[in-house]
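Reader: Please take one part of this model and go through it closely, in one connected account. Give the cut-offs for each term where you first use it.

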Amino acid sequence: AKDLGKNNCQFYTREMNATIERKLHMLEGLRNAVDEGQFQLVYQPKVDLRTGHVFGVEALVRWLHPEYGLLGPDRFIPLAEESGIIFALGEWVLQTACRQNQLWQEAGLSPLRISVNVSPRQFEEQRLVQRVAQALEESGLAPEWLELEVTEGVIMRDLQQAVAKMGELRAMGISLSIDDFGTGYSSLSALKSFPISTLKIDKSFVRDLGSNAGDEAIASSIIGLAHQLRLRVIAEGVETEEQRAFLRHNGCDEMQGYLFSRPLAPEQLRQLLLRQSPP
Ligand code: C2E
Ligand code: CA
Ligand code: CA
Ligand code: CA
């Protein structure tokens, strides 16, 4: 029994070393990934629920890793946050998204609003406002065509400071939305002091619309709350016709999800928009 314990111990140590090594290896790769041009953005359409019109896109980052292939953000954003690489990565995302949106406009597509995710450390960084201003200036994109998506948790960490920063961003002319709404714990009374334009219903509440009365109650409450505060409301993760019908009948304004489209490469998105409104 003693021997077995010892072996187990060695086994776990080896496992742990492997995990740490993999993490260090990822971290090393991540440090160079911006310079090496290994990140890509894909763009998921946001659709008006009444008209079916695409009015915007959300930019979502991917890492084309030289060994592991295409990685989704859940595989590297936490590490980027932890290590501070998120500042360089976030700046790249902002610049690339603004430039791409300006390119689409210059190519004659009807203007879209582009939404960019901002993670906690990025939002708290002193230079965020400056970085946003710079991305707009360098790309030539008008501020009305940029939106930042921020989660509730980020705002609630330091409410006063967050509201002040949101005010500065609003004053620049960009829009703000609360992502994953309903999963955090922002007090409803705080919500009215946020200079935001949209609430996004988290996909965990969307999944069982049509079959789960609890989720239906939550979704319709968020829609009602948003409208009372004169905000627009969008649902993410819409995959079925049933979910879409529920949201439409309950007055949700916008939707995003695989039912309409997966996130697309820039050229694919352009094709989709051309089909929507031929020049
Ligand atoms: P999120 O902001 O909540 O983004 C929505 C996620 O749901 C995306 O996953 C999207 O691809 C996925 N999705 C879209 N439609 C559907 C659907 O119909 N069903 C299901 N099941 N999922 C759907 P993704 O691209 O893997 O991104 C995951 C998270 O990573 C994002 O969650 C966001 O928090 C973060 N993220 C993505 N891009 C960036 C970025 O550029 N910067 C930062 N800081 N975070 C990012
Ligand atoms: Ca988002
Ligand atoms: Ca979300
Ligand atoms: Ca999410």
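Author: Asp179 has a relative accessible area of 7% in this predicted model, so it counts as buried (under 20% relative accessible area; exposed is over 50% and partly exposed lies in between, with a 1.4 Å probe and protein chains only). Asp179 coordinates both the calcium ion (ligand 2) and the calcium ion (ligand 3), and these two ions lie 4.0 Å apart. Donors here are N, O and S atoms within 2.8 Å of the metal, or within 3.2 Å for Na, K and Ca; water is not among the atoms, so sites may look incomplete.

Two conventions apply throughout. Residues are numbered from 1 along each chain as its sequence is written, while chains are lettered from A and ligands numbered from 1 in the order in which they are written. As this is a predicted model, local features need pLDDT of at least 70 and side-chain atom pairs count only at pLDDT 80 or more, while totals for chains, interfaces and linings use all residues; side-chain values use heavy atoms, with hydrogens and water left out.

On one side of Asp179 is the calcium ion (ligand 2). Its donors are Glu58 (OE), Asn117 (OD1), Glu149 (OE) and Asp179 (OD), at 2.2 to 2.3 Å. Along the chain these donors follow the spacing E-x58-N-x31-E-x29-D. Glu58 and Asn117 link distant parts of the chain: Glu58 is in strand β2 (residues 54–65) and Asn117 in strand β4 (residues 113–117), 59 residues apart. Strands are DSSP runs of E with at least two residues, helices are runs of H or I with at least four, and both are numbered from the N terminus. Glu58 is buried because its relative accessible area is 5%, whereas Asn117, at 29%, is partly exposed.

On the other side of Asp179 is the calcium ion (ligand 3). Asp179 (OD), Asp180 (OD), Glu236 (OE) and Glu236 (OE) are its protein donors, lying 2.2 to 2.7 Å from the ion. Glu236 thus appears twice in the list of donors. The sequence spacing of the donor residues is D-D-x55-E.

Asp180 leads on to a further ion. The calcium ion (ligand 4) and the calcium ion (ligand 3) are 3.6 Å apart, and Asp180 coordinates both. For the calcium ion (ligand 4), the protein donors are Asp180 (OD) and Asp180 (OD), lying 2.9 to 3.0 Å from it. Asp180 belongs to strand β6 (residues 175–181). Its relative accessibility is 23%, so it counts as partly exposed. The backbone of Asp180 has a phi near 55°, a positive value in a residue other than glycine.

Arg230 also has a positive phi, near 60°, and is likewise a residue other than glycine. Arg230 lies in the loop between α10 (213–228) and β8 (232–235). With a relative accessibility of 78%, Arg230 counts as exposed.

Asn117 connects the metal site to ligand 1: besides giving OD1 to the calcium ion (ligand 2), it has a polar side-chain atom 3.0 Å from an oxygen atom of ligand 1. Such a polar contact is a pair of N or O atoms within 3.5 Å; within protein, one must be able to donate a hydrogen and the other to accept it, and residues adjacent in sequence count only if both atoms are side-chain atoms. Gln122 places a polar side-chain atom 3.4 Å from a nitrogen atom of ligand 1. Tyr258 uses its backbone instead, with an N or O atom 2.8 Å from an oxygen atom of ligand 1. The protein covers 83% of the 800 Å² of accessible area that ligand 1 has on its own; these areas come from the Shrake-Rupley method with a 1.4 Å probe, and for residues only the protein chains shown count as cover.

Around ligand 1 there are 22 residues, of which Gln44, Arg62, Lys203, Glu239 and Tyr258 are the closest; a residue is near a molecule or strand if one of its heavy atoms lies within 4 Å of it. Strands β2 and β6 each supply at least two residues of this shell. Strand β2 gives the most, with four residues. These strands also carry metal donors: Glu58 is in β2, and Asp180 is in β6.
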